[in-house]
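Here are some notes for a colleague at the bench, set out as numbered points. Please read them with the sequence and the structure side by side.

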Amino acid sequence: MNLGCATIHQGGIVQAPDGKWWGVSMQDFNAVGRTVCLSPITWVDGWPYFGLEKNLGRSPRTWFKPNDMVKTPQAPYDRCDDFSGKTFKPVWQWNHNPNDKMWSLNKERKGWLRLHSMPAKQLLWAKNTLTQRAIGPVSYTSVKLDASRLKVGDEAGLGAINTPYASLGVVKTDKGLNLRCYDQNTNKEVWKPLAKSKVVWLRLWGDYDKSQLQYSYSLDGKNWENIGEQMLSPYQLKTFQGIRVALYAFNKKELNGGVADFDDFMVEEPMADRTANLPIGKTIRFSNLADGSLMDATGHGLMHSSSNRKDMRNQVKFVVEDRGKGKIALKTADGRYVYIAGAGLSGDVRLTFDSSKAEEFVWQDMLYNRCMLLSLKTQRYVGKNPVDGSPYSADYQGADAGMKNGCVFTWEVVE
């Protein structure tokens with residue numbers, strides 16, 4: 001089985017104050033790198049298993065958080081920074097032990113981060129580079145750079161530290177200031193003279209789920225122009241941490257150069273609000289990602305539409321009813337509810353007009369209008385074999401690495 005980077009690994013277990021056990025482990029998420037995952041633990045014969053009692057060894061993608069004092073999940077860090085504080089926000093990290101004589105925060109220039117240029121041949125060797133982790137699946141990172149005090153040989157800007165790395169910076173030559181966009185993966189660079197501009201805004205767009213980057217710049221902080229081509233920056237096993245966004249300044253002439261001033265560091269996360277990914281109260285239809293077939297509420301149970309027709313007939317419409325805490329029930333357009341008839345391996349998925357029998361599912365958001373349906377009765381996923389003509393069942397352990405084994409759906413809202 002080719003699992004690629006799909007499995008969780010390297011962790012431990014911990015007991016919460018309410019007595020429940022949880023696994024804390026790592027998982028590789030493409031260019032984002034390794035992230036921390038929390039998994040429910042089930043004890044069997046004195047041994048801890050990641051996963052639920054009826055689905056040992058497979059941690060659910062979405063589950064109920066520990067019963068602690070934090071009622072609403074929230075981001076642990078404020079990633080934006082106007083550099084007006086007396087100390088750095090805890091999200092920042094230096095790439096080296098810093099030379100404290102060669103940087104200042106809100107001191108040499110009030111409200112700005114100042115980096116003094118030191119000798120380096122390229123970004124990965126530049127000291128006093130300030131970094132924070134790139135945020136996926138998609139984000140924009142921008143910063144304002146005052147390059148007026150750079151000296152010849154200096155380069156300062158916004159980098160994407162990885163192997164390979166990428167950068168967009170301002171370079172000072174004998175002829176003046178120039179933008180330089182560089183992609184180490186292809187060894188391509190794009191130069192653009194800055195003419196009279198000494199203040200420029202730099203921006204990095206990243207689709208880290210697809211390992212893609214694109215740089216752009218602005219002369220007024222409002223109107224942006226792409227520079228260079230879209231870049232590939234994949235997850236790799238040399239540094240493990242994934243892409244780190246970096247503010248840097250260094251000098252290629254083996255000298256201590258001038259200074260670069262940074263302000264208004266901004267991180268925008270257009271996909272951070274996940275509420276739209278759970279279509280509560282909406283009428284939707286499901287297509288199986290494995291073969292594109294529609295989920296079909298026939299008189300015998302959940303089947304698939306072999307003709308893959310996308311008309312508006314009621315059998316392929318499902319209303320998503322809210323059962324609280326991410327739990328949902330599915331109701332067909334003609335008033336029947338999806339329920340699980342068998343608790344064993346069959347896990348038959350059928351339909352009934354009796355709402356009291358409706359199965360509660362935990363909606364597993366897979367992003368990009370993709371999901372899985374985790375049955376609380378079987379603690380397994382609704383799916384069907386993409387090859388044979390069998391009906392849907394609720395006995396799938398989970399998705400394979402390619403999400404094409406029959407239990408991952410795409411969904412769309414219909415009227």
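**Notes on the predicted model**

1. Phe83 and Trp92 are both buried. The coordinates come from a predicted model, and in that model the rings of Phe83 and Trp92 make a tilted aromatic pair, with their centres 6.0 Å apart and an angle of 35° between the planes.

2. A second tilted pair is made by Trp94 and Trp103, whose ring centres are separated by 5.2 Å and whose planes stand at 50° to each other. Over the whole structure the search for aromatic pairs returns 14. Ring pairs also join several residues into a cluster, and its members are Phe286, Phe318, Trp363, Tyr392, Phe409 and Trp411.

3. Two charged side chains should be looked at together with the aromatic rings. Arg109 places its charged end over the ring of Trp112, at 3.8 Å from the ring centre, and Lys210 places its charged end over the ring of Tyr368, at 5.9 Å from the centre of that ring.

4. The UniProt record, an unreviewed entry, annotates residues 80-267 as "domain: Beta-xylosidase C-terminal Concanavalin A-like". In the model this span is 51% strand and 0% helix, and the C-alpha atoms at its two ends lie 6 Å from each other.

5. Thr42 belongs to strand β3, which runs over residues 34-44. Why does Thr42 count as buried? The reason is its relative accessibility of 15%, which falls under the 20% cut-off for a buried residue. A polar atom of the Thr42 side chain lies 2.7 Å from the backbone oxygen of Gly51. Once neighbours within four places in sequence are set aside, the residues in contact with Thr42 are Trp47, Pro48, Tyr49, Gly51, Leu52, Glu53 and Leu56, so that Gly51 appears both in this contact list and as the partner in the polar approach.

6. How many disulfides does the structure hold? The number is zero. A disulfide is a covalent bond between the sulfur atoms of two cysteines. As for the cysteines themselves, Cys37 counts as buried because its relative accessible area is 15%, and Cys181 counts as buried because its relative accessible area is 3%; each of these values is under the 20% cut-off.

Notes:
Residues numbered from 1 in each chain as written. Predicted model: local features only at pLDDT ≥ 70, side-chain atom pairs only at ≥ 80, totals over all residues. Heavy atoms only, no water. Helix = DSSP H or I, 4+ residues; strand = E, 2+ residues; numbered from the N terminus. Buried < 20%, exposed > 50% of the residue type's maximum accessible area, 1.4 Å probe, protein only. Polar contact = N/O pair within 3.5 Å; in protein donor to acceptor, adjacent residues only side chain to side chain. Contact = heavy atoms within 4.5 Å. Phe/Tyr/Trp six-rings, centres within 6.5 Å; stacked < 30°, edge-to-face > 60°. Lys NZ or Arg CZ within 6 Å of the ring centre and 35° of its normal. UniProt positions renumbered as here; feature names shortened; annotations may be inferred. Disulfide = S-S within 2.5 Å.
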